[in-house]
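Biologist: Could you take a close look at one part of this model for me? I would like to hear about a patch on the surface, and then how it fits into the rest of the chain.

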Amino acid sequence: MTATGTFLPRPGAAPLPAMIRAQAALETRMLLRNGEQLLLTVVIPSLLLVLFSTVDIVDTGADGSAVDFLAPGVLALAVLSTAFTGQAIATGFERRYGVLKRLAVSPLPRWGLMTAKTCAVLVTEVLQIVLLTAIALALGWSPHGDPLSVALLLILGTAAFSGLGLLMAGTLKAEATLAAANLVFLLLLVGGGVIVSLDKFPGAVRGVLELLPISALSGGLRDVLQDGGGMPWRDLAILAVWAVLGLGAAARLFRWE
């Protein structure tokens, strides 16, 4: 207390960047401590990468080493599992239990809360990518291509899946979100070019599947990392459209209660 009667430190809300950092750190710790989330985001992608790279179970339709085909697809699956499935389920139950409603009246603005959640997703994805890359390299993966192209694909893929995940969590009941998010995860695992080449599907079906965000992400990563291609503009455009549509719909339709 000073001579003039002013208490130090001055009471009031912390600076906005500090609040976002603190919330992002909390969201990250909660995600990494959740056993179900770790199963979805770490264990399943790692097992799929090791299993299908070492055992000839599924015909990927690719020439050369299986891991060269599978590694980009599993990286895309990691983004899907964290940005879409994991975030949708966690946010859906936070909404059900009133956590979001309480946080919405805190000094942290709603957009700040969503920014913190996005930061937590990005931190988790970095850890996933490091782990999966290490496993793939140990299995003999030889990546090629431009790191900038890979970064753009991962960022736009994260934006697209985050928007769709938040849209689902903010409009459906928690139980419905749990079921729907897991179902979508399984369907996209099979039909998104992750472990099975889209060339295995009939032409008309393949044309539709190629427009899905998981197909654009896995295909773009494969073009760059396996084939050493240039900037995958078509895949980036597809992901950008999904990101705009998903985030825009989530911002408009998300219900906090």
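Modeller: Happy to! Bear in mind that this is a predicted model. The part to look at is a nonpolar surface patch made by Leu32, Val123 and Leu127, which together have about 230 Å² of accessible area. Let us start with Leu32, which sits in helix H1, a helix spanning residues 16-33. Its relative accessible area is 33%, and because that value lies between the 20% limit for buried and the 50% limit for exposed, Leu32 counts as partly exposed.

The other two members of the patch, Val123 and Leu127, bring us to residues 119-142. An unreviewed UniProt entry annotates that stretch as a transmembrane region, along with others including 38-58, 70-93 and 236-254. In the model, residues 119-142 are 83% helix and 0% strand, with 29 Å between the end C-alpha atoms. For another annotated span, residues 236-254, the figures are 95% helix, 0% strand and 26 Å from end to end by C-alpha atoms.

Stepping back to the whole protein chain, there are 10 helices and zero strands. The radius of gyration is 20 Å, close to the 18 Å from the globule rule for 257 residues, so the chain is as compact as a globular protein of that length. Along the principal axes, its C-alpha atoms fill a box of roughly 80 × 35 × 35 Å. Of the 257 residues, 45% are buried. As for the surface, the chain exposes about 12700 Å², with carbon and sulfur atoms supplying 69% of that area. Finally, among contacts between residues at least 6 apart in sequence, 80% join residues at least 24 apart.

Definitions and conventions. Residues are numbered from 1 along each chain as its sequence is written. This is a predicted model: local features need pLDDT of at least 70, side-chain atom pairs count only at pLDDT 80 or more; totals for chains, interfaces and linings use all residues. Side-chain values use heavy atoms; hydrogens and water are left out. UniProt positions are given in the numbering used here, feature names are shortened, and annotations may be inferred rather than shown by experiment. Helices (H or I, at least four residues) and strands (E, at least two) are DSSP runs, numbered from the N terminus. Patches are made of residues with over 30% relative accessible area and no salt bridge: like charges are joined within 9 Å, nonpolar side chains (Val, Leu, Ile, Met, Phe, Trp, Tyr) within 5 Å. Accessible areas come from the Shrake-Rupley method with a 1.4 Å probe; for residues, only the protein chains shown count as cover. A salt bridge is a side-chain nitrogen of Lys or Arg within 4 Å of a carboxyl oxygen of Asp or Glu. Buried means under 20% relative accessible area, exposed over 50%, partly exposed in between (1.4 Å probe, protein chains only). The radius of gyration is taken over C-alpha atoms; the globule rule is 2.2 Å times the number of residues to the power 0.38. Contact means heavy atoms within 4.5 Å.
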